[in-house]
Amino acid sequence: MGGTGSCCSCEDDLHHFEERKARRDTRRRTRGEFTIVVDRRTGEGLGIDAKQDSDRGMLQIRNISPGGLVDRWNQAQPEGSSEIVRPGMRIVEVNGRYSNTMHLIVACREMEVLHITIMPE
């Protein structure tokens with residue numbers, strides 16, 4: 001045991017890890033991407049069917065169910081808006097998570113306010 005009561009210097013490593021974790025990498029956006037904001041805190045589903053595009057680390061939207069959170073987002077947009085989610089578009093980031101389809105799925109299931117970045121077809 002060390003003089004501070006710990007068996008090793010893991011505490012220093014943990015502090016360094018937490019510092020790195022706090023500094024999130026940012027993904028470079030591509031032209032045409034937009035972010036929708038939906039609130040899952042009430043337990044409602046997104047109302048989408050999506051398939052994994054593991055090679056690209058994205059989720060491709062296949063269907064949008066009437067009355068779901070994404071459909072309600074769409075209904076709230078002005079006519080002709082470029083920020084209407086449509087089948088064929090891809091989810092590329094959710095609350096800062098990207099590049100891994102499983103991370104995107106987990107993030108979409110969280111009961112919080114979701115910031116979902118969409119890439120057009």
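Biologist: Before we look at D53, how are helices and strands defined here?
Modeller: Helices (H or I, at least four residues) and strands (E, at least two) are DSSP runs, numbered from the N terminus. This is a predicted model, where local features need pLDDT of at least 70 and side-chain atom pairs count only at pLDDT 80 or more, while totals for chains, interfaces and linings use all residues. Residues are numbered from 1 along each chain as its sequence is written, and side-chain values use heavy atoms, with hydrogens and water left out.

Biologist: OK, where does D53 sit?
Modeller: D53 belongs to strand β2, which covers residues 48–53.

Biologist: And is D53 buried or exposed?
Modeller: D53 counts as buried because its relative accessibility is 15%, where buried means under 20% relative accessible area, exposed over 50% and partly exposed in between, using a 1.4 Å probe and protein chains only.

Biologist: Which residues does D53 touch?
Modeller: Setting aside residues up to four places away in sequence, D53 touches M58, R90 and T101, a contact being heavy atoms within 4.5 Å.

Biologist: Switching to E83, where is that one?
Modeller: E83 lies in the loop between α2 (69–76) and β4 (90–94), and E83 counts as partly exposed because its relative accessibility is 30%.

Biologist: What is E83 in contact with?
Modeller: Apart from neighbours within four places in sequence, E83 is in contact with F34, W73, N74 and Q77.

Biologist: How far apart are the C-alpha atoms of E83 and F34?
Modeller: Those of E83 and F34 are separated by 6.3 Å, although the two residues are 49 residues apart along the chain.
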